[in-house]
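Here are a few short exercises to work through with the model open in your viewer. Try each task before reading its solution.

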Amino acid sequence: MIISVASGKGGTGKTLVAASLALSLKDTYKVQLLDCDVEEPNDHIFIKPDITRSEAVSIPVPAIDEKKCTHCGKCAEVCAYNAIAVVAEHVLTFPELCHGCGACSYLCPEKAISEIPNTIGKIETGEADGIIFGHGMLSIGQPMAPPIIRKVKTLIDKERTVIIDSSPGTSCPVVEAIKGSDFCLLVTEPTPFGLNDLILAVETVRQLGVPFGVVLNRIGVGDSKTEEYCAKENIPILLTIPLDTEIARLYSRGIPLVEGMPDWKSKFRELFDNIKEIVDEGSRSLKR
Amino acid sequence: MKEVVVLSGKGGTGKTSIIGSVAVLSRKRVLADCDVDAADLHLLLDPSIEEKHEFRSGQVAVIDKDKCTQCGLCQELCRFDAIKDYTVDPISCEGCGFCSHICPADAIVMEECKAGDWFVSSTKHGPLVHARLGIAEENSGKLVALVRQQAKEIAKKKELNYIISDGPPGIGCPVISSLSGASLALVVTEPTLSGIHDLERVLGVCKHFGVPAMVCINKYDLNEENTASIREYCQKNGVDVVAMIPFDNEVTEAMVRGMTVVEHSDGRVAKEIKSLWQKIEQKLQG
């Protein structure tokens, strides 16, 4: 089963939930934790894995053989991202704009374009006390997160309970992280910002057709509108976490909630059992 | 005209609450919400929308079933696994158009997508340019660029001094699009190990694009040891720490009332943000 952890608003507790869930399940299940927030990955700070392998992630970008090139301009014409320009007798390439689709090299009538790897980040894998761990890291100055997220997701081991931590927001990196999940946990807080962004996140997971539920963090701040919204929309609130300075302090020091306050383990196990029930119920009703 | 953008790397450190207050404190300014996939600034500023425009960007492949001979070439060549059973999954489609160029039956056309909306609104703190990216859409970077360009035009036309811009979390495409060419980045962080890790990365991006940065430590009293290491890190790297904001519920109370902290109270958070804006203004004028 693949469970992704997402949120519209940032800083609502995705990493806290993903890390605590993985640590609470590791004694009972085979667990894999994949951090797909490749712009700002943080799970490793809490899980402290022994990283045993690191691999560069690159996308194939065009390299022009000037001897073969006739400057016909076909490559620039087919490139949807303006990553190639043909000016007089020169071809200019802009690797940071290239999405690596391969159209230019395939369609060049002179076969003058080959592809060379352009490194945009890396993935690292390892283990932490029985949890198989993987994350991606976008290089500084590089814009495109989705190719790295796709690479992290190739690590998915379907034999395991897979927990995927996503970046905040609702755009392409989030979609890339969530799609293909059996369930998505949306972590939010009961504030106007939390609610506004939860509504956007709900629309996104609904569009992807992924079943979902809410974790409400920092109960005690804000107002009751998020709970009212969930009730009206029939969205299950699967776990609530109070606003507690001690929880915030543990987080600040990189200590997972379930290690600093072991009583929380049973709540995360319960959360998992509830998710499992929803997913099983969903697949039963599909078969009917 | 000077443009200040607030960034953070890590989400939820307080970007919008702080920049909302800066919007109130500054004069002769236009506001821009560049966090287009989870925009929140409007919740503090009570805008009335004066203009609404469609944002069209990017393309998606569409296969004409009548023309398709099911040769499978498109599926074989698509690097984004967006075509299965001779049907395009619009969410996976990257809009590159490769398939439309190579289809021997000419059965694939590229259609332009509506990728969101953008707005010009009036608020009692000046004009606001904001946007809403379509659900599960791409091209947030282009929409950010559009929001900034519109804000710039308004600033020019009305002879305003400042563009005050709320940026997105992360370090990728929308962040780069919000940052490049700005006068100053205000980076809001928090004294958590995650916050520090992400701060280092986002300061790296500012440096990469040659935009001077200043740091504000929010909720600094949550972990004073971490606050000290952030200050040390910043000092070593020649970045000024211009504010230390204590944790206080007045920030959320203000948000619940739909207003900025500096309007809601005259407490210690409000005082620190006022001094923050003074320092930024000095830096921009110096």
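**Exercise 1.** Which residue in E8(A) does Ser4(A) stand opposite?

*Solution.* Keep in mind that this is a predicted model. Start with the strands: E1 (residues 2–6) and E8 (residues 161–165) of chain A pair in the parallel sense, over four bridges. Now look across from Ser4(A), and you land on Ile164(A).

**Exercise 2.** Follow the pairing from E1(A) through E9(A) to E10(A).

*Solution.* Step one: E1(A) and E9(A) are parallel partners, joined over four bridges, with Val5(A) matched to Leu185(A). Step two: E9(A) also runs parallel to E10 (residues 212–219) of chain A, this time with five bridges. Leu185(A) turns up again here, opposite Gly213(A). Step three: add helix H7 (residues 192–208) of chain A, and E9(A), H7(A) and E10(A) give you a right-handed β-α-β unit.

**Exercise 3.** Why is strand E9 of chain A largely enclosed by the rest of the structure?

*Solution.* Count the buried residues in 183–188: six of the six qualify, so the strand is largely enclosed. Then split them by direction. Phe183(A), Leu185(A) and Val187(A) point one way, Cys184(A), Leu186(A) and Thr188(A) the other, and all are buried.

**Exercise 4.** Which strands stand at the edges of the sheet in chain A?

*Solution.* Write out the order of the nine strands: E3-E6-E7-E2-E8-E1-E9-E10-E11, an open sheet with mixed pairing. E3 (50–64) and E11 (237–242) of chain A each have a single partner strand, so one side of each lacks a neighbour in the sheet. On average, neighbouring strands are turned by 20 degrees against each other, direction ignored.

Technical notes: Residues numbered from 1 in each chain as written. Chains lettered and ligands numbered in written order. Predicted model: local features only at pLDDT ≥ 70, side-chain atom pairs only at ≥ 80, totals over all residues. Pairing = 2+ DSSP bridges. Helix = DSSP H or I, 4+ residues; strand = E, 2+ residues; numbered from the N terminus. Axes fitted to C-alpha atoms, helices over the stretch in contact; angles between N-to-C directions. Buried ≥ 20, exposed ≤ 12 C-beta atoms within 10 Å, placed from the backbone. Right-handed = clockwise from strand over helix to strand, strands pointing away.
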